[in-house]
Amino acid sequence: MSIHIVAFGNERGGCSEDDQQSSLIWTYLGRSALVSDTDSSLLLNSANYLRNPSFTEYQARVFGNVRLVVHDCPLWGVFDSDWYTSRNLIGEADIIVIKYSVNEKSSFQEVKDIYAPLIKKALKHCSVPVIISAVGARQNEEVPCTCPLCISDRRSCVTASEGIQLAKELGATYLELHSLNDFYIGKYFGGVLEYFMIQSLNQKSIEKMKKRKKPQTCHEIKPPQLEQPEKMPILKSEASHYDSDLHNLLFCCHCVDVTFYSEDLKEVAEAHRIVLCSVSHVFMLLFNVKSPDDIQDSSIIRTAQTLFAVNQEAAHPVSNQRSSCNSPVRVIVKDSFFCSCLSDILHFIYSAAFQWELLEEQIKKKLKDPEIVELVLEKVKCILKIPGKVNNSRNCRLYVSKRPLQLCNSSLRLFFNTTVLADVMFKIQGAIVPAHRAVLVARCEVMAAMFSGNYMESNSFLVPVFGISKDTFLSFLEYLYTDSCCPASILQAMALLICAEMYQVSRLQHICELYIITQLQSMPSRELASTRLSVVSLLRKAKFHNSDCLSNWLLHFIASNYLIFSQKPEFGDLSVEERNFIEMHRWPSSMYLKQLSEYRNYIHSRKCHCVVM
C-alpha cells in the first residue's frame with residue numbers, strides 16, 4: 001500500500017533551489033519519526049529529476065511498511081509547460097500541499113489568480129485533502145506607519161487573511177509555519193499531514209476489503225429477483241362545464257317559459273323560471289313558488305311588487321297542463337332603467353360566475369348617471385338577497401365571492417325530484433319522476449335533441465323510460481341538477497355509467513370510471529379474493545358501452561393480481577385476446593415463478609436455510 005503526496009510552490013523566499021535543506025518537504029522527511037531508516041530509504045529519484053526538472057520525487061517508508069511517494073514541484077511553470085503531467089500528478093495524489101513564502105506577495109498573487117483555479121478545476125470530480133502552508137516570518141510585523149514607503153513595504157507581505165481566503169476557495173486546511181524547526185515541522189505541519197495520511201490509508205483499506213469479498217460460486221443458484229408490477233393506466237378527469245351549460249341555455253332560447261316586456265309592451269328578453277327561482281326569492285314570489293308568509297322579508301316583497309308585474313293566469317307552477325310549455329309567463333318590468341340593463345343582468349345570473357365588478361362596468365356604460373347606476377345595482381342586490389339578512393354592497397360581494405360556481409347547482413338541488421315548476425314527467429318502473437325541461441336541455445345534448453326536435457317527447461308531458469332502474473335514473477338526474485354524484489357501490493356506478501353512455505354525458509362517465517377504479521384499488525387482496533363481484537363482468541360491460549379507458553384499466557388490474565383472478569371461475573370467460581394480454585403483463589411473471597420453484601428445490605436439496613424466504 002502506498003501514499004502519494006504532491007507539493008506545489010516555493011516556500012524558500014529567494015533561496016537557491018538547490019538548497020534542499022531549507023525545503024519544507026525535505027525537512028519533514030528528514031525529521032519525522034514516522035519515516036523509517038532515513039539514510040537508506042529516503043532518496044532522490046535523480047533519473048526522474050533529469051527527465052523532468054520541474055519536480056523532484058522523494059520515496060520513503062512510513063508506518064513501518066507503507067510506501068510514501070512525494071512529488072515536490074517548486075516551480076508553478078509545470079502547469080504552463082506540461083499540463084498533462086501536472087494533471088496526472090493531481091489525479092494520482094492522495095494529499096496535496098500548496099506552499100508559499102509570506103514575504104513573496106507577487107508570487108502568491110500569481111498562485112491565487114492563475115494556478116489555484118487550475119487545481120480547483122482538476123479536483124472538481126474527486127475529494128483530495130489540500131494543505132496550504134504559509135512559510136516564514138513577515139519582515140514588517142511591527143505597527144505600520146502611514147508613509148508611502150511603509151505602505152509599499154507592507155504590500156510585499158502576504159497577510160493571514162489572504163491565505164485563509166485562498167484556503168476557503170479551495171476547501172483546504174490553512175497552516176502558518178514561522179520557521180522550519182522541530183515544532184512547526186514535526187508537531188504542527190507533521191501532525192496535520194499524518195492525520196490525512198491515516199485517513200487515506202483507512203479509505204484504501206476499506207476499498208481493498210470490498211474487493212476481497214468472495215463472490216458467489218457460479219454453480220450456486222441465486223434467489224430470483226421479483227420485478228415491480230407495471231404501472232396502471234392513468235385516467236384523466238374531465239373539467240366541469242356546468243356554468244357554461246346554463247349560460248348557453250340563455251343563448252339557445254330552448255324551453256323558455258318567461259318573457260320580459262317593457263312598460264310599452266315591447267319584448268325585452270326571454271328566460272326560464274327554474275333558473276330565475278333557483279337564484280332569487282323575488283322570482284319565487286313572482287311565480288308563486290313561495291308566498292310572502294314563507295319569506296317574511298319586506299324588502300324582497302316590496303321589490304317583487306314594485307319592479308315587476310305578472311300575467312296571473314300563467315304565473316302558477318305547472319301541474320299537469322301540457323299547454324303550459326308553449327305559453328310563457330309575461331312579465332312587465334316597471335323600471336325603465338332596470339329594463340334597459342335586463343339582458344346584462346340575466347347574463348350575470350345565468351353565467352353562475354357572479355362577476356359583480358363586470359356587471360357594474362356594463363351597467364355604468366349604459367347608464368351614465370351614477371345615481372341611476374346605484375339604484376339599478378341596489379335592485380339587483382335585492383333580487384339576490386337572502387331573506388332576513390342586511391343587504392349592502394359588501395355583503396353582496398361577499399355572497400357572490402363565496403359561491404362563484406356553486407350558486408345554481410346548490411340552488412337547483414331544491415327543485416330536484418319535485419313537482420314545483422316541473423314541466424315534464426318521466427314514467428319509469430311504474431313510478432313518476434318530475435323534472436324541468438330547461439335543466440335537461442342545458443345539461444344533456446341527447447335530451448336537448450329529444451325535447452327540441454321532431455320527436456314525440458317534444459310535445460309530451462309524460463315520457464316513458466325503458467332499460468334503466470328508477471334509482472339509477474334518479475342518480476342521473478341528480479347529476480344534471482347538481483353536477484355531482486356519489487354512487488353507493490361499484491355496481492351502481494357501472495349502472496350509472498351505462499345510463500351516462502346512453503345519454504352521451506361524458507363527464508358523468510368519467511366520474512363513474514374513477515369511482516370504480518378507486519373502489520377496486522382500495523380493496524385488500526383478501527377481500528378481492530373473497531368478493532362475489534365479477535371484475536370480468538365489469539370488463540364486459542365497459543367494453544360493450546365504449547368505456548375504453550376503464551376496460552384497459554381493468555385488464556391491467558387483472559394482470560397485476562394474476563394469482564387471485566386466475567383461481568376464479570370467471571377467469572375462463574375471458575377471450576383469447578384478453579387472455580394473451582393478461583399473460584403478457586401478468587405479475588408475478590411466469591419466468592419468476594419458474595425461477596422461484598427451481599430455487600426452492602435447490603434449497604431443499606442442499607438442506608440449508610433460505611436467506612430470502
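How many cavities of 30 Å³ or more does a search of the whole structure find? The search finds one. Before going there, a word on the ground rules. This is a predicted model, where local features need pLDDT of at least 70 and side-chain atom pairs count only at pLDDT 80 or more, while totals for chains, interfaces and linings use all residues. Residues are numbered from 1 along each chain as its sequence is written, and side-chain values use heavy atoms, with hydrogens and water left out.

## The chain overall

The protein chain holds 31 helices and 14 strands. These are DSSP runs, numbered from the N terminus: H or I of at least four residues for helices, E of at least two for strands. Of the 613 residues in the protein chain, 46% are buried. Buried means under 20% relative accessible area, exposed over 50%, and partly exposed in between, with a 1.4 Å probe and protein chains only. Contacts (heavy atoms within 4.5 Å) reach far along the sequence: among those in the protein chain with a separation of 6 or more, 67% come from residues 24 or more positions apart.

## The cavity

Back to that cavity. Its volume is about 60 Å³. A cavity here is a set of points, on a 1 Å grid over the protein atoms alone, where a 1.4 Å probe fits but cannot get out, and lining residues have an atom within 4 Å of a point. Grid points are joined across faces, edges and corners, and the volume is the space filled by probe spheres set on the points. The lining consists of Cys255, Asp257, His272, Arg273, Ile274, Leu421, Asp423, His436, Arg437 and Ala438. Two elements, α11 (273-279) and α21 (437-443), give two or more residues to it. By class, the lining has four nonpolar, two polar and four charged residues. For that tally, Ala, Val, Leu, Ile, Met, Phe, Trp, Tyr, Cys and Pro count as nonpolar, Asp, Glu, Lys and Arg as charged, and the others, Gly among them, as polar.

## Two open sheets

One open sheet has four strands in the order β9-β8-β11-β10, with mixed pairing; two strands pair if DSSP finds at least two bridges between them. β9 (267-271) and β10 (308-310) each have a single partner strand, so they stand at the edges with one side left without a neighbour in the sheet. From one strand to the next, the twist averages 25 degrees. Angles run from 0 to 180 degrees between N-to-C directions, using axes fitted to C-alpha atoms, for helices over the stretch in contact. Helix α16 (residues 342-351) packs on this sheet, touching β8, β9 and β11, and its direction makes about 10 degrees with that of β9.

The other open sheet has three strands, ordered β13-β12-β14, and again the pairing is mixed. Here β13 (431-435) and β14 (462-464) are the edge strands: each has a single partner strand, so one side of each is left without a neighbour in the sheet. The twist averages 30 degrees from one strand to the next. Helix α23 (residues 470-482) packs on the sheet and touches β12 and β13, its direction making about 5 degrees with that of β13.

Some strand pairs, with one bridge from each:

| Pair | Sense | Bridges | Partners |
|---|---|---|---|
| β8 (258-261) and β11 (329-333) | parallel | four | Thr259 and Arg330 |
| β12 (424-428) and β13 | antiparallel | five | Ile428 and Ala431 |
| β3 (56-62) and β4 | antiparallel | seven | Tyr58 and Val70 |
| β1 and β4 | parallel | seven | Ser2 and Arg67 |

## Around β4

Strand β4 (residues 66-73) is largely enclosed by the rest of the structure, because seven of its eight residues are buried. β3 and β4 form a hairpin with three residues between them, and Phe63 in the turn has a positive phi of about 55 degrees.

On the other partner, β1 (residues 2-8), sits Ala7. Is Ala7 buried or exposed? Ala7 is buried, with a relative accessible area of 0%. Neighbours within four places in sequence aside, Ala7 is in contact with Ile25, His71, Asp72, Cys73, Val97 and Lys99. Ala7 and Thr56 are 49 residues apart in sequence, yet 9.7 Å apart in space, C-alpha to C-alpha.

## A helix residue

Arg302, in helix α14 (residues 298-307), counts as partly exposed at 48% relative accessibility. Arg302 and Cys382 are 80 residues apart in sequence and 9.8 Å apart in space, C-alpha to C-alpha.

Methods:
1 Å grid on protein atoms, 1.4 Å probe; cavity = no way out; pocket = protein on both sides within 12 Å on 5 of 7 lines; lining within 4 Å.
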